[in-house]
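Please examine the chain shown here from its overall make-up down to individual residue pairs. The account is written for reading alongside the coordinates.

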Amino acid sequence: MSLPPAKPRSPELLAPAGSLAMLRTALAYGADAVYAGQPRYSLRVRNNDFGDLQALAQGIAEAHAAQRKLYVVSNILPHNAKLRTYLADMAPVIASRPDALIMADPGLIDLVREGWPEMPIHLSVQANTLNFAAVRFWQKLGIARIILSRELSLHEVEEIRQQCPDIELEVFVHGALCVAYSGRCLLSGYFNHRDPNQGSCTNSCRWDYRLHAAGHDATGDLQPLSGEAGRGRAAGWLLEEKERPGEMMPIDEDEHGTYIMNSKDLRAVEHVGRLLEIGVDSLKIEGRTKSPYYVARSTQVYRRAIDDAAAGRPFDPALLGELEGLANRGYTAGFLQRHHEHDMQNYLRGHSESGRSLYVGDLLTWDAVGQRVLIEVRNRFSVGDRLEVIHPSGNRRLTLQCMHDLAGRAIGVAPGNGHRVWIPCPVELPGALLARFL
């Protein structure tokens, strides 16, 4: 008698934390682990509260108290100046007992291996690990986990898993994508001297660019052509950034295609089941500079997708719509899926559009007598709107029947950020978030 196939093992859900508030939100909404880093040694300088060692130590302690893990990101590719201070600065961090360091630079990895041989090291996506031979190389050096490059397909991830069965593998499933191989970009440094590989990227790839048809002048250089007629004679193309008029940058093309900037954002929630079948150990959400709302919504959605897949339940397309409410530049499965079926794409888009929502407020104080809750307004909403209260215990949907200002007057509109209003709420939901369906 044949045995039924084994259910996929549930992987770790790894969420971002740029602050203690984000860390606590991630844990409340179902993350198994969080990652955070000091601004000086990780690739997130802005919106990062963990330059304060006390805050970082507190975050590690809170994660451990909740029986979760915290990984410290130390994935900078340093110049000599930062190398000289690294060991002294890392000593108190390691004394706080993080569960692993996420690292990319071979020199820093060697220093940590010598100074703290017991400290687990996860190889950062910055190392651009694309094949099983590279995984084996790093495994020989004692690396505990490989964060695979975002530029891999599901088939390639599966082949690496088969060739390297006894090392942990981590894959990004949600968040910003880079126009370079996992952050190895100099565009920001070229434009305004803020080096992406030192953590201060200004996302220059996402600025406003115009495309100009170009032809060769007498010296062979590309010059912009005017008018529609010029496009028919174009020998090439030039990019012009909105705030730098007249600075023309040629677009190069090779046998693989033409490369234009400003990638869509990664969304792989529909591939979670396949990643579980492959045997990936950790699914990672990008976004340490984002908001607690982003962390709450994305963590909750991927938690449900993982739990459904591990239990053998089919994928719920409604999860796609819940992610549409997050700020995004359009979604893509990145390199995980090279070719899409048109029917499936229409099917996915329909569910995304039907469930789109916007973050509009935070629930503050619950009034048990009046069965109402005070809302810190973040974005405009009105009486008659369909709302969703987002909470770790489960989400609740309602149509807003009435609303009052702080003086008790009935109002029809909560204008936006900076206002507080009362709305009906029959149960206390501390720390809940409010979204409006669009």
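The following paragraphs treat the overall composition, the nonpolar cores, two alanine residues, the salt bridges and the cavities.

This is a predicted model, in which local features need pLDDT of at least 70 and side-chain atom pairs count only at pLDDT 80 or more, while totals for chains, interfaces and linings use all residues. Residues are numbered from 1 along each chain as its sequence is written, and side-chain values use heavy atoms, with hydrogens and water left out.

The protein chain contains twelve helices and 24 strands; these are DSSP runs numbered from the N terminus, with helices (H or I) of at least four residues and strands (E) of at least two. Of its 438 residues, 49% are buried, where buried means under 20% relative accessible area, exposed over 50%, and partly exposed in between, with a 1.4 Å probe and protein chains only. Contacts, defined by heavy atoms within 4.5 Å, often span long stretches of sequence: among those between residues at least 6 apart, 65% join residues at least 24 apart.

In soluble globular proteins, nonpolar side chains tend to be buried together. A nonpolar core is here a set of buried Ala, Val, Leu, Ile, Met, Phe, Trp, Tyr and Cys residues joined through side-chain atoms within 4.5 Å. The largest such core holds 91 residues, of which Leu 101, Ile 146, Leu 148 and Tyr 302 touch the most other members. Helix H10 (residues 292-310) supplies the largest share of this core, ten residues. Beyond its neighbours within four places in sequence, Tyr 302 has contacts that include Leu 13, Val 173, Arg 267, Ile 285 and Leu 323. Another core, of 17 residues, lies apart from the largest one, and its members include Val 360, Leu 363, Val 373 and Leu 387.

Two alanine residues give a local view of the packing. Ala 26 belongs to helix H1 (residues 20-28) and counts as buried because its relative accessibility is 0%. Its C-alpha atom is 8.5 Å from that of Gln 300, although the two residues are 274 apart in sequence. With neighbours within four places in sequence left aside, Ala 26 is in contact with Ala 15, Ala 31, Val 34, Val 295 and Thr 299. Ala 31 is placed in the loop between H1 and strand S2 (33-37) and, at 1% relative accessibility, is likewise counted as buried. Its C-alpha atom is separated by 6.0 Å from that of Ala 15, 16 residues away along the chain. On the same basis of excluding residues up to four places away, Ala 31 touches Leu 13, Ala 15, Ala 26, Arg 68 and Thr 299.

Where do charged side chains pair? The whole structure has 22 salt bridges, each being a side-chain nitrogen of Lys or Arg within 4 Å of a carboxyl oxygen of Asp or Glu. Glu 170 and Arg 145 form one of them, at 2.7 Å from N to O. This pair links distant parts of the chain, with Glu 170 in strand S7 (residues 168-175) and Arg 145 in strand S6 (residues 145-147), 25 residues apart. Both Glu 170 and Arg 145 are buried. Glu 324 and Arg 267 form a further salt bridge, with their closest N and O atoms 3.4 Å apart. Here helix H11 (residues 318-324), holding Glu 324, is linked to strand S14 (residues 265-267), holding Arg 267, across 57 residues. Both of these partners, Glu 324 and Arg 267, are buried. In the salt bridge between Asp 405 and Arg 409, the N to O distance is 3.1 Å. Asp 405 is buried, at 14% relative accessible area, whereas Arg 409 is exposed, at 55%. Through shared partners, salt bridges join Glu 12, Arg 145, Glu 168, Glu 170 and Lys 284 into one network.

The enclosed space remains to be described. A cavity is a set of points, on a 1 Å grid over the protein atoms alone, where a 1.4 Å probe fits but cannot get out, and lining residues have an atom within 4 Å of a point. Grid points are joined across faces, edges and corners, and a volume is the space filled by probe spheres set on the points. There are two cavities of 30 Å³ or more. The largest cavity has a volume of about 90 Å³, and its lining includes Leu 148, Arg 150, Phe 172, Leu 266 and Phe 335. The second largest cavity holds about 30 Å³ and is lined by His 174, Gly 175, Asp 265, Lys 290, Tyr 294, Ala 327 and Tyr 331.

Key
On a 1 Å grid over the protein atoms alone, a cavity is a set of points where a 1.4 Å probe fits but cannot get out, and a pocket is an open set with protein on both sides within 12 Å along at least five of seven lines; lining residues have an atom within 4 Å of a point.
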